[in-house]
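Me: I have a structure here and would like the terms used for it justified. Please take my questions in turn.

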Amino acid sequence: MRDMGKSDQPRAPWSGKQTGRKRAIAESGTALAIIDTIHSGGLSAAGTGWGGARNRADRTSEYLTRRQCEGLIAAAARAQRMGLPFNRHWTIHYERAGVAEIDAGRFIGRLLKLAGDYARRHHGKIAAIWVRENGDGKGGHVHILLHLPAGLGLRGRTAHWVRLAGGERSARVSRVRSIGRGLTSADNGGEHYQQNAGAVLAYILKGADAETGATLGLTRHGERGLIIGKRCGRTQNIGQLLESDQLTHQLKPPSPRPNNAKMD
């Protein structure tokens, strides 16, 4: 079975108070050049200790907070500085795989461990950030921005990993796309990659609340979804911020439309 299902494209906006503005990823995602989100200076208080609630049934959320968004942006910037730029956008519809919301955080952790073990067997390492979403008829799913070492692929592996992590075999569960024109785009680190990486990062932040979205300059935000437990996270190697890191809180305006990412 092929593990790359239909595109996870936006649908009609939720009709509540904080209705997000929905467009195609390439047009809507604020074309954030990740490296430009970090400047020298002291780390702002809002950017420290970020993370999400643990996977407890009494811990729920409907939006990403400002601190969570800032933490994701900072982790992405650190990954790039460390030479681990994100080169895959991996979407897993865990609800379709029979994974309950309360178990989703552990499921995602197991997936990333499997990916990390795969990279280590080839003398490499991964870096990742992830955000869970729920709504618009899609059910619970997670977006993972992942660095995978050059020469390694995910084709034919992710469906197996979903089962090893506790999911069930099902169609349209997992889809992987490369970020940029191709898998070498991240290694080259040019303007086109920066535009695409920024657009994808902004896309996974679309669950930010209205105030956070406006503060960070996100074109698309306020897309509500009930999550139980941890809403977002990152691998430990990009979680410790340097003392010289500081978030600017102002993303760059949209750049020329990036090309559609290729499938892995």
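The exchange below concerns a predicted model.

Me: What makes the set around W90 and I92 a nonpolar core?

Reply: A nonpolar core is a set of buried residues of certain types, Trp, Ile, Phe and Leu among them, joined through side-chain atoms within 4.5 Å. The largest such set here has 28 residues, and W90, I92, F107, L111 and I144 have the most contacts inside it. W90 and the other four are of listed types, and as members of the core they are therefore buried, with under 20% relative accessible area.

Me: Which elements supply at least two residues of this core each?

Reply: Strand 2 (88–92), helix 3 (104–121), strand 3 (127–133), strand 4 (141–147) and helix 4 (158–164) do. Helix 3 gives the largest share, eight residues. Apart from this core lies another, of 27 residues, including A75, L201, L205 and C232.

Me: Why is I144 said to touch W130?

Reply: Contact means heavy atoms within 4.5 Å, so the two residues have heavy atoms within that distance. Leaving out residues up to four places away in sequence, I144 also touches R88, H89, W90, I92, I108, L112, A128 and I129.

Me: How do you know what share of the contacts joins residues 24 or more positions apart?

Reply: Among contacts with a separation of 6 or more, such pairs account for 82%.

Me: What share of the protein counts as buried, and on what grounds?

Reply: Of the 264 residues, 53% count as buried. The cut-off is under 20% relative accessible area, so that share of residues falls below it. The accessible surface comes to about 11700 Å², with 48% belonging to carbon and sulfur atoms.

Methods
Residues numbered from 1 in each chain as written. Predicted model: local features only at pLDDT ≥ 70, side-chain atom pairs only at ≥ 80, totals over all residues. Heavy atoms only, no water. Buried < 20%, exposed > 50% of the residue type's maximum accessible area, 1.4 Å probe, protein only. Helix = DSSP H or I, 4+ residues; strand = E, 2+ residues; numbered from the N terminus. Areas by Shrake-Rupley, 256 points an atom, 1.4 Å probe, with all protein chains shown as cover.
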